[in-house]
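Biologist: Could you walk me through this one slowly, since I am still learning how to read a structure?

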Amino acid sequence: MPHYRPVYVFSSEVPTREVLLQVIKAGSAAPYPYPEPVDKTDIRKFFAFRTSTPVCDKLEMILKRSVSTTLDELISFFGWRAYSPEGPGNYIQMLKNFESSGIPAFRSAPFILLITEERRFPPVEQESLAFAVSHLWQAATALNLGIHLIPGISYLSRRSEFFSLVRLPAGKYAVAGVAIGYPHEELQENKPEPVPEPLVTWL
């Protein structure tokens, strides 16, 4: 089994729509974790944003506003404990960097790929999105593409301006997203890292 390591440095080579569509089809084929068959129409949707375009710049601005709101909420909730050893200090600092300097994936990767999943009962849309991302990752690796998760992207699910951008009704969908493209040439030359042994307790 290949090691599906995240890729953060991308080549200038841009994947074709045909290649990306193969990855998206794999994500679309991921199972739904519902207890019984459901009508799959319009439950899971995909949005491919080409970076350095006006629409992708707008997406980044919406995400930065989402991050700013979340920062205020985290600091208010944790108070003085925010930067204690058990607090989310490192995560807060990362979000502050996003807020001030932008999200690196929007400058390094050629595409941002978002997935929305309709909220249903039982509320397992996050698990369903995890299945879809896993399938995306496997397909991307098989096609020699690199991919990594974008921190904070799920906050878009609370932004009505995001849903206006993708023309979906607000409040009905959870969101996940990845940056995707070909790995930088130096990464392609590196030997794959050994897969670490899993921590397993046999009961």
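Modeller: Let me begin with a single residue, and please keep in mind that this is a predicted model. Ser-52 is exposed, with a relative accessible area of 66%, and its place is in the loop between β1 and α2.

Biologist: What is the phi of Ser-52 near?

Modeller: The phi of Ser-52 is near 65 degrees, which is a positive value in a residue other than glycine. For background, most residues other than glycine have a negative phi.

Biologist: And Asn-144, where does that lie, and is it buried or exposed?

Modeller: Asn-144 lies in the loop between α5, which covers 125-142, and β3, which covers 146-149. Asn-144 is exposed, with a relative accessible area of 58%, and it has a positive phi of about 65 degrees although it is not a glycine.

Biologist: Let's step back to the whole protein. How many helices and strands are there?

Modeller: The secondary structure comes to seven helices and four strands, and from the N terminus on the elements run α-β-α-α-α-β-α-β-α-β-α.

Biologist: What about the overall dimensions?

Modeller: The C-alpha atoms fill a box of roughly 55 × 45 × 45 Å, taken along the principal axes. With 203 residues, a compact globule would have a radius of gyration near 17 Å, and the 18 Å of this protein agrees with that. Buried residues make up 44% of the 203 residues. If we take the contacts with a separation of 6 or more, 79% of them are between residues 24 or more positions apart.

Biologist: Now the strands. How many residues of β2 are buried?

Modeller: Strand β2, residues 111-118, is mostly covered, with eight of its eight residues buried. Phe-111, Leu-113, Ile-115 and Glu-117 point one way from β2, while Ile-112, Leu-114, Thr-116 and Glu-118 point the other way, and all are buried.

Biologist: Why do the side chains of a strand alternate?

Modeller: I can only give you the general pattern: in a regular strand the side chains alternate between the two faces of the sheet.

Biologist: Which strands sit beside β2, then?

Modeller: Strand β1, residues 44-50, pairs with β2 in the antiparallel sense over seven bridges, and eight bridges join β2 to strand β4, residues 173-181, again running antiparallel. Ile-112 is a useful residue to follow here, as it is the bridge partner of Phe-49 and also stands opposite Ala-179 in β4.

Biologist: Does Ile-112 come up elsewhere, and which residues have the most contacts inside the largest nonpolar core?

Modeller: Ile-112 is named there too: the largest nonpolar core has 33 residues, and those with the most contacts inside it are Ile-112, Leu-114, Leu-156 and Phe-162. The elements that give two or more residues to this core are β1, α2 (54-78), α3 (89-101), α4 (105-108), β2, α6 and β4. Of these, α2 gives the most, with eight residues. There is also a second, separate core of 22 residues, which includes Leu-20, Phe-46, Ile-115 and Leu-129.

Biologist: What is Phe-162 in contact with?

Modeller: Leaving aside its neighbours within four places in sequence, Phe-162 is in contact with Leu-59, Ile-62, Leu-114, Thr-116, Leu-156 and Val-175.

Biologist: And how many aromatic pairs does the structure hold?

Modeller: The structure holds three aromatic pairs. One of them is formed by Phe-162 and Phe-163, an edge-to-face pair with 5.2 Å centre to centre and 65 degrees between the planes. Phe-162 and Phe-163 are buried. The rings of Phe-163 and Tyr-173 have their centres 6.4 Å apart and their planes at 35 degrees, so that pair is tilted.

Biologist: Which parts does that tilted pair tie together?

Modeller: Phe-163 lies in helix α6, residues 160-166, and Tyr-173 lies in strand β4, so the pair ties together parts that are 10 residues apart in sequence. Phe-163 is buried with a relative accessible area of 1%, and Tyr-173 is buried with 5%. Taken together, ring pairs link Phe-162, Phe-163 and Tyr-173 into a cluster.

Biologist: Last topic, charges and rings: what does the charged end of Arg-44 sit over?

Modeller: The charged end of Arg-44 sits over the ring of Tyr-32, 4.1 Å from its centre. Arg-50, in turn, lies over the face of Phe-111, at 5.6 Å from the ring centre.

Notes. Residues are numbered from 1 along each chain as its sequence is written. This is a predicted model: local features need pLDDT of at least 70, side-chain atom pairs count only at pLDDT 80 or more; totals for chains, interfaces and linings use all residues. Side-chain values use heavy atoms; hydrogens and water are left out. Buried means under 20% relative accessible area, exposed over 50%, partly exposed in between (1.4 Å probe, protein chains only). Two strands pair if DSSP finds at least two bridges between them. Rings of Phe, Tyr and Trp (its six-membered ring) pair if their centres lie within 6.5 Å; planes under 30 degrees apart count as stacked, over 60 as edge-to-face and the rest as tilted. A charge sits over a ring if NZ of Lys or CZ of Arg is within 6 Å of the ring centre and within 35 degrees of the ring normal. A nonpolar core is a set of buried Ala, Val, Leu, Ile, Met, Phe, Trp, Tyr and Cys residues joined through side-chain atoms within 4.5 Å. Contact means heavy atoms within 4.5 Å. The radius of gyration is taken over C-alpha atoms; the globule rule is 2.2 Å times the number of residues to the power 0.38.
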